[in-house]
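Colleague: Please take a close look at one part of this model for me: how its side chains pack and pair. Keep it simple, and explain the terms as you go.

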Amino acid sequence: MDNILSQITTALGIPLPGAYARFLETEQLRESRLVTDLVNLYGTNDIVTRNQDYEVQRYLPGYLSIADDSGGCGIFLNTTQPSLTVYITGYGALDPGCMDVLSDDFLQWAQQGYSLEVLREAPAFIAARQSPENLLRNERIKLHQALSALEAEKSRMDLKTYLLRKRQLQQEIQDFDARNGKP
């Protein structure tokens with residue numbers, strides 16, 4: 001197994017983290033296998049191919065793809081860090097800013113059943129969600145949802161109350177659009 005691990009290191013140009021290399025040895029993981037309904041853990045026979053096919057080291061230098069979620073996302077370790085944090089991102093979004101954290105410790109992640117539950121969201125997604133444009137869009141959506149909810153309640157309201165509230169909401173939407181520009 002030592003020879004196989006050194007061949008992987010040479011082929012990818014990155015060192016395999018010690019805990020991960022020991023895991024591969026202990027599990028005798030030569031063939032990839034589904035370890036959950038979705039998580040496909042790469043064996044030593046496939047790890048080089050998967051990393052080369054997706055050009056992982058080109059787009060994520062120092063990272064190693066160790067598995068996938070059976071749906072287009074890769075699961076990664078950062079080989080340059082002392083902790084073996086487990087990351088997930090789409091193979092089409094190989095950027096450290098787009099990587100969610102699944103676990104702060106690879107061995108713990110494995111022992112706890114290879115969960116795909118996100119521990120921490122990617123910094124780029126957090127920034128996008130908190131951007132002024134997104135916050136304005138969400139505010140506008142809430143106004144339109146209030147108008148839709150009013151329409152759903154229309155049959156249970158007297159006509160005067162309904163028309164007054166509808167006019168108020170439409171005015172709030174117009175004012176909002178005038179202040180912020182219609183998206």
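Modeller: What follows covers the nonpolar cores, then the salt bridges. This is a predicted model: local features need pLDDT of at least 70, and side-chain atom pairs count only at pLDDT 80 or more, while totals for chains, interfaces and linings use all residues. Residues are numbered from 1 along each chain as its sequence is written, and side-chain values use heavy atoms, with hydrogens and water left out.

Start with the packing. A nonpolar core is a set of buried Ala, Val, Leu, Ile, Met, Phe, Trp, Tyr and Cys residues joined through side-chain atoms within 4.5 Å. Buried means under 20% relative accessible area, exposed means over 50%, and partly exposed lies in between (1.4 Å probe, protein chains only). The largest nonpolar core has 38 residues. Tyr20, Ile66, Ile75, Phe76, Phe106 and Trp109 touch the most other members. Several elements supply at least two residues each, among them helix H1 (2–12), helix H3 (47–53), strand E3 (63–68) and helix H5 (106–111). Helices (H or I, at least four residues) and strands (E, at least two) are DSSP runs, numbered from the N terminus. H2 gives the most to this core, with 5 residues.

Now zoom in on Phe106. Set aside its neighbours within four places in sequence. Phe106 is then in contact (heavy atoms within 4.5 Å) with Tyr20, Phe23, Ile66, Leu77, Leu84 and Val86. There is also a second, separate core of 7 residues, including Leu143, Leu150, Leu169 and Phe176.

Next, the pairing. Side chains of opposite charge can pair when their charged atoms come close. A salt bridge is a side-chain nitrogen of Lys or Arg within 4 Å of a carboxyl oxygen of Asp or Glu. The structure holds 8 of these.

Take Glu151 and Lys166, whose side chains meet in a salt bridge at 3.5 Å, N to O. Glu151 lies in helix H7 (residues 132–153) and Lys166 in helix H8 (residues 159–180), so the pair ties together parts that are 15 residues apart in sequence. Glu151 is partly exposed, at 34% relative accessibility. Lys166 is partly exposed too, at 24%.

Another salt bridge joins Arg156 and Glu153, at 2.9 Å, N to O. Arg156 is exposed, with a relative accessible area of 61%, whereas Glu153 is partly exposed at 35%.

Glu172 also forms a salt bridge with Arg165, and their closest N and O atoms are 3.8 Å apart. Glu172 counts as partly exposed at 36%. Arg165 is partly exposed at 32%.
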